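Trainee: Please take a close look at one salt bridge and at what surrounds its two partners. I would be grateful for a single connected account that then follows the neighbouring elements outward.

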Amino acid sequence: MNPCFAYPPATRFGRIIPKSKIYQHASASAALKRRFVGLVDQIRWAHKLAPSTLNLNPSPQVPEIQVFHLQLREPSVDTKILRAIDQAIPFPLIFELTCGERLLVAAAHKRPSEADKHKWVISEHFHSDWRPLETERAPLPVATSMDKLYEQLLSPLLPVAADAEDSLPARIDRTQAIAAQQRAIDRLQARLRREPQFNRRVAINAELRDAMRHLHQLTGPTG
């Protein structure tokens with residue numbers, strides 16, 4: 001599914017965001033500031049998707065969706081930079097990253113915290129592949145409310161296909177569980193390569209088989 005959407009002219013915002021504003025609101029460390037300087041050329045608040053600009057029903061969970069355009073100096077996806085921007089902006093965000101003639105779309109699922117209404121819970125970031133900048137954009141998905149629109153904007157970025165009864169949060173939880181399980185498998189495989197003793201290799205192999213079995217369960221059909 002194409003994650004690049006043609007946002008209506010009424011949603012255009014076009015404001016340049018100084019990096020210093022992100023540093024301030026995200027409490028950026030010196031190391032993070034260096035990452036911004038090294039990778040990000042410009043941050044532009046490109047579109048504002050809101051009930052007023054799209055004529056959609058409002059949603060407490062998704063009052064607005066902002067589309068941020070990041071012009072990069074090299075084609076790299078730095079999730080620490082994306083997370084810092086998400087922490088600084090109190091709305092769900094869709095990122096469009098460009099470098100030269102290439103484009104990538106990224107986003108995290110973002111929802112208000114139940115414990116503190118002034119804070120947001122942010123999932124890990126998901127992203128598309130790099131594609132030509134002139135890729136044809138899909139029409140904005142048909143939706144009746146802001147939360148339904150948000151689901152449809154995020155859906156193409158998730159590597160786990162939707163089952164008939166899967167909600168968006170369930171798909172995100174499953175995607176994150178698969179990623180965590182794959183990291184566990186990678187660590188076990190690295191241990192296996194380093195381990196010279198036969199009896200320990202046997203034990204690691206048993207752990208690895210269990211881990212791969214669990215990954216297969218996670219990636220199989222849920223229904």
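Mentor: The side chains of R35 and D78 form a salt bridge, with N and O 2.9 Å apart (a side-chain nitrogen of Lys or Arg within 4 Å of a carboxyl oxygen of Asp or Glu). This pair links distant parts of the chain, for R35 belongs to helix α2 (residues 30–39) and D78 to the loop between β4 and α4, 43 residues apart. Helices (H or I, at least four residues) and strands (E, at least two) are DSSP runs, numbered from the N terminus.

The model is predicted: local features need pLDDT of at least 70 and side-chain atom pairs pLDDT 80 or more, while totals for chains, interfaces and linings use all residues. Residues are numbered from 1 along each chain as its sequence is written, and side-chain values use heavy atoms, with hydrogens and water left out.

The two partners differ in burial class: R35 is partly exposed because its relative accessibility is 34%, whereas D78 is buried at 13%. Here buried means under 20% relative accessible area, exposed over 50%, and partly exposed in between, with a 1.4 Å probe and protein chains only.

D78 also has a role at the start of α4, where one of its side-chain oxygens comes to within 3.0 Å of the backbone nitrogen of K80. In addition, D78 is one of the residues that line the largest cavity. A cavity is a set of points on a 1 Å grid over the protein atoms alone where a 1.4 Å probe fits but cannot get out, and lining residues have an atom within 4 Å of a point. The whole structure yields one cavity of 30 Å³ or more, and the largest cavity has a volume of about 40 Å³, taken as the space filled by probe spheres set on the points. Besides D78, the lining includes L39, V40, L70, L72, S76, I81, L82 and L97. Both β4 (65–72) and α4 (79–88) supply at least two residues of this lining. Seven lining residues are nonpolar, one is polar and one is charged; Ala, Val, Leu, Ile, Met, Phe, Trp, Tyr, Cys and Pro count as nonpolar, Asp, Glu, Lys and Arg as charged, and the others as polar.

Helix α4 can now be followed further. Its buried residues are I81, L82, A84, I85, D86 and A88. D86 forms a salt bridge with K110 at 3.0 Å, N to O. Since D86 lies in α4 and K110 in strand β6 (residues 102–112), the pair ties together parts 24 residues apart in sequence. Both D86 and K110 are buried.

Strand β6 also contains P112, which is buried because its relative accessible area is 18%. Leaving aside neighbours within four places in sequence, P112 is in contact (heavy atoms within 4.5 Å) with P60, Q61, K119 and W120.

The structure holds seven salt bridges. Another of these pairs R191 with E207, the closest N and O atoms being 3.9 Å apart. R191 lies in helix α6 (residues 168–194) and E207 in helix α7 (residues 198–219), so this pair ties together parts 16 residues apart in sequence. Both ends are partly exposed, R191 with a relative accessible area of 35% and E207 with 39%.

How values were computed:
On a 1 Å grid over the protein atoms alone, a cavity is a set of points where a 1.4 Å probe fits but cannot get out, and a pocket is an open set with protein on both sides within 12 Å along at least five of seven lines; lining residues have an atom within 4 Å of a point. A polar contact is a pair of N or O atoms within 3.5 Å; within protein, one must be able to donate a hydrogen and the other to accept it, and residues adjacent in sequence count only if both atoms are side-chain atoms.
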